[in-house]
Amino acid sequence: MADTTKPTETKKVAEPEVLTIADSTVMGKYKDAAIIANTVLDQVIKLCVVDAKAIDICIAGDKAINEATKKIYNKGKNKVTKGIAFPTTVSINNCVAHFSPLPSDPESKTALKEGDVVKIQLGVQIDGYGSTVATTLVVGANGAVTGSKADVIQAARTALEAAVRMIRPGNKNMEVTKTVDKIAESYNVKAVEGMLTHNQLQNKTDGEKQIILNPTDLHLRDFKRVEFAENEVYAIDILISSGEGKVRPLKTRTTVYKKTGVRYQLKMAASRAVFSEIQTKAGAFPFSLRDLEDERKARMGIVEAAKHQTVLPYDVMYERDDAVVAQYMTTLLVTKNGNIMATNPRFDAVEIKSDKEIKDEEILKLLASPYEVPKKK
């Protein structure tokens, strides 16, 4: 007997459309997030004075971001997530990044001293589109800063200026790496080994396209060589050290984490409660344990989550004791007609005077070239 049943049709599930900055609404959200990030950065810079506590500065920065984002994108039926894309961190001298202590940490007593080289990083997101920024300043500086501090800050600035010009459609990521290394060498400093820049997507801060700083052979073994493309977004993170460019963790507690896509049934009730709060408050973006409701439970619950890789730690890393590290970061929008530095890394936060300079003709020509979208006449 013949089979008269009709074959079952398999329906293809349409993949969600990935919106880029070619969409004016997406572009607008990156820019609106950047406006808040730039404003808050200016406020935080003013707080970095002698005897100010790092924890108080971090708390003030995060509070300012949350207050500002509450005032926008409140119309319409569809609720838009908004808030912190990266918690405020204040990393001092040889501390490379991610310093944002909890009230219970011994480091909560850390205060700024005159002459400290301070790196501020923070970020804002609207509807999952994040704009992050970082700058470097010298506490209590009167007049131009000189010496090794000036060299490391100038190298970081120049490297960022070069990168925003090199990240153009068709250019390659490793060319940026090589140029940053050459610039660092001109100032007798080093890019911080293994630090990464990622392309940004909605609710994703670690896209597959990367730029690596000062890579080792081990780093390069599995590192993807890629070309940049139109309508991509990059959080360009430049970290330069007066030391060897090598980092290590010390005893400082990790307080900044980000939820990963790893699924695991956490065993402890405290861990499950903390993870649920993370999903609600931070979503896919980095967060500080300080922002969770109960610090004690947060400290306890995060341990199991980190052990099973449901969250990614942003460890507090250090260079050698006598080194200083400078950082500049901008969120770069790559368009057909040019690039847009959505966030302002505030090169003017400190005046410097280095006795070193770039002599490489190709790099000088690059730095003299325009990168911005031409203004309409």
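**Exercise 1.** In this predicted model, work out whether F228 counts as buried or exposed.

*Solution.* Start with the cut-off: buried means under 20% relative accessible area. F228 comes in at 3% relative accessibility, so it counts as buried.

**Exercise 2.** Take the aromatic pair of F228 and Y234 and work out how the rings are arranged.

*Solution.* A pair of aromatic rings is described by the distance of the centres and the angle of the planes. By the ring-pairing rule, the count comes to 5 aromatic pairs. For F228 and Y234, the centres are 5.4 Å apart and the planes make an angle of 85°. Planes over 60 degrees apart count as edge-to-face, and that's the label this pair gets. As for Y234, its relative accessible area is 0%, so it's buried.

**Exercise 3.** Now try Y328 and F347: which parts does this pair tie together?

*Solution.* First the geometry: it's edge-to-face, with 5.1 Å centre to centre and 70° between the planes. Next, place the residues: Y328 sits in strand 14 (residues 325-335), while F347 is in the loop between strand 15 (338-341) and helix 8, so the pair links parts 19 residues apart in sequence. Finally, check exposure: Y328 is buried at 0%, whereas F347, at 21%, counts as partly exposed.

**Exercise 4.** Check whether the span of helix 4 (residues 173-186) agrees or disagrees with what 1.5 Å a residue predicts.

*Solution.* Its 14 residues should span 20 Å; the end C-alpha atoms are 21 Å apart, which agrees. Buried residues here include M174, V180 and I183. The helix's buried residues pack against helix 3 (147-166) and strand 8 (233-241), among others. After helix 4 comes N188, with a positive phi near 60°.

Conventions:
Residues numbered from 1 in each chain as written. Predicted model: local features only at pLDDT ≥ 70, side-chain atom pairs only at ≥ 80, totals over all residues. Heavy atoms only, no water. Helix = DSSP H or I, 4+ residues; strand = E, 2+ residues; numbered from the N terminus. Expected span 1.5 Å × (residues − 1). Buried < 20%, exposed > 50% of the residue type's maximum accessible area, 1.4 Å probe, protein only. Contact = heavy atoms within 4.5 Å. Phe/Tyr/Trp six-rings, centres within 6.5 Å; stacked < 30°, edge-to-face > 60°.
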